[in-house]
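This report describes one sheet, the helices that lie against it, and a position annotated in a record. Please look at the sequence and the structure before reading on.

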Amino acid sequence: MSPLPENTLIGMCNPLLDIQTTVEKSFLDKWGLKENDAILCDDKHNDMFTELTKDFTVEYIPGGAAQNSLRVAQWILNSPNRTVFFGAVGKDQYGELLATKAKEAGVNVQYQINETVKTGTCAALINGTHRSLCAHLAAANTFTQDHLQKEENQKIIEQAKYFYVTGFFITVCPPAIIQLATHSAEFNKTFTLNLSAPFISQFFFDKLSEIIPLVDVLFGNEDEAAAFAKAHGWETTCVKEIALKAAALPKKSTKPRLVVFTQGPEPVVVVEGDKVTEYPVTRLPKEEIVDTNGAGDAFVGGFLSQFIQGKGIEASVACGSYAAQEIIKKHGCTVPSVCKYH
């Protein structure tokens, strides 16, 4: 059993049920979607969800970026309730399914339940080795900060030592993010954030910029790093250079910021203070790649599973890469029954 106390890591994000299927590039084009992107759907996508469930064979897989990461971390930690999840769902079958799957994985889910709005869904469209995500947040979009003020949740927040929030949640409830991040800084805990998708830097940059000074560990991939750089007006697309600049941004606490940028099969770029390290990734043969949905979430889950135990960056990156590879070999963010990491 892991010596970690319960509720060590809190994750906060949008709990969504992934509606996953394989599509042709023409389907993505028809609905104005890009390969390897993540967007919020608008009204024009309503018919797309109807078409998917009517004309395609779909799988329903528990999703939501941070919830995926926590499920993966729990799988590796192999000791239930080391992680807690905050997010909003509807009072419906999908919400119950999400809670069941998360609890089975060992995540202590503390959902805010909306009586009138349905649980959020996300179309996860696989095309070759690419995945395009189109999220219909619904209930997830209704999360309010007062959920964190509940006495039982206040206790959990006090117990926690690490926090992981996704950029996706910036579109939902920035005050809740600021609350956790401020608490973390005040009590010398560790607050981690994922850039999540290019659109966050493109359209929610002001809110993102308010949170960055409180961020101890920043995650992202190469596309998200490029969008973050562009929003800052940095004239570079070099991932190492962007990581250095991100690490050097103003910070509330004296703890140096850690920046971790993944690049698919290319090396993971890590900046600690002003030191850049590249960690090579073992390339999977193409025939072993089933789909890349959840690979980024899995990397963070693997990374945090070691990091919250006080293991070094090298061990954390290695476990992150291991987790991502296991996820890529399966549909959606689903873990094998056996974890070979122990």
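The text below goes through the sheet, its strand pairs, its helices and the annotated residue.

**The sheet**

The model is predicted. It contains an open sheet of nine strands in the order 6-5-1-9-10-11-12-13-14, and the pairing is mixed. Strand 6 (108-114) and strand 14 (275-279) are the edge strands; each has a single partner strand, so one side of each has no neighbour in the sheet. On average, neighbouring strands of this sheet are turned by 15 degrees against each other, direction ignored.

**Strand pairs**

The table lists three of the pairs, with a pair of opposing residues for each.

| Strand pair | Sense | Bridges | Residues paired |
|---|---|---|---|
| Strand 1 and strand 5 | parallel | four bridges | Glycine 11 and phenylalanine 85 |
| Strand 1 and strand 9 | parallel | four bridges | Isoleucine 10 and phenylalanine 163 |
| Strand 10 and strand 11 | parallel | three bridges | Asparagine 194 and phenylalanine 219 |

Strand 1 has strand 5 and strand 9 beside it in the strand order. Are the residues on the two faces of strand 1 buried or exposed? Leu9 and Gly11 on one side are buried, as are Ile10 and Met12 on the other, and both faces of the strand are covered. Two of these residues also appear in the table: glycine 11 is opposite phenylalanine 85 in strand 5, and isoleucine 10 is opposite phenylalanine 163 in strand 9.

Further along the order, strand 10 spans residues 190-194 and strand 11 spans residues 217-221. The bridge partner of asparagine 194 in strand 11 is phenylalanine 219.

**Helices against the sheet**

Helix 10 (residues 222-232) packs on the sheet, where it touches strand 10, strand 11 and strand 12 (258-263). The direction of helix 10 makes about 110 degrees with that of strand 11. Helix 6 (residues 151-159) lies across strand 1 (9-12), strand 5 (83-90), strand 6 and strand 9 (162-166). Helix 6 runs at about 145 degrees to strand 5.

**The annotated residue**

Which residue does UniProt list for "active site"? The unreviewed entry gives Asp297. In the model, aspartate 297 lies in helix 12 (residues 295-307). The relative accessibility of aspartate 297 is 17%, and because buried means under 20%, the residue counts as buried. Apart from neighbours within four places in sequence, aspartate 297 is in contact with Ala65, Asn68 and Ser69.

Conventions
Residues are numbered from 1 along each chain as its sequence is written. This is a predicted model: local features need pLDDT of at least 70, side-chain atom pairs count only at pLDDT 80 or more; totals for chains, interfaces and linings use all residues. Side-chain values use heavy atoms; hydrogens and water are left out. Two strands pair if DSSP finds at least two bridges between them. Axes are lines fitted to C-alpha atoms, for helices over the stretch in contact, and angles run from 0 to 180 degrees between N-to-C directions. Contact means heavy atoms within 4.5 Å. UniProt positions are given in the numbering used here, feature names are shortened, and annotations may be inferred rather than shown by experiment. Buried means under 20% relative accessible area, exposed over 50%, partly exposed in between (1.4 Å probe, protein chains only).
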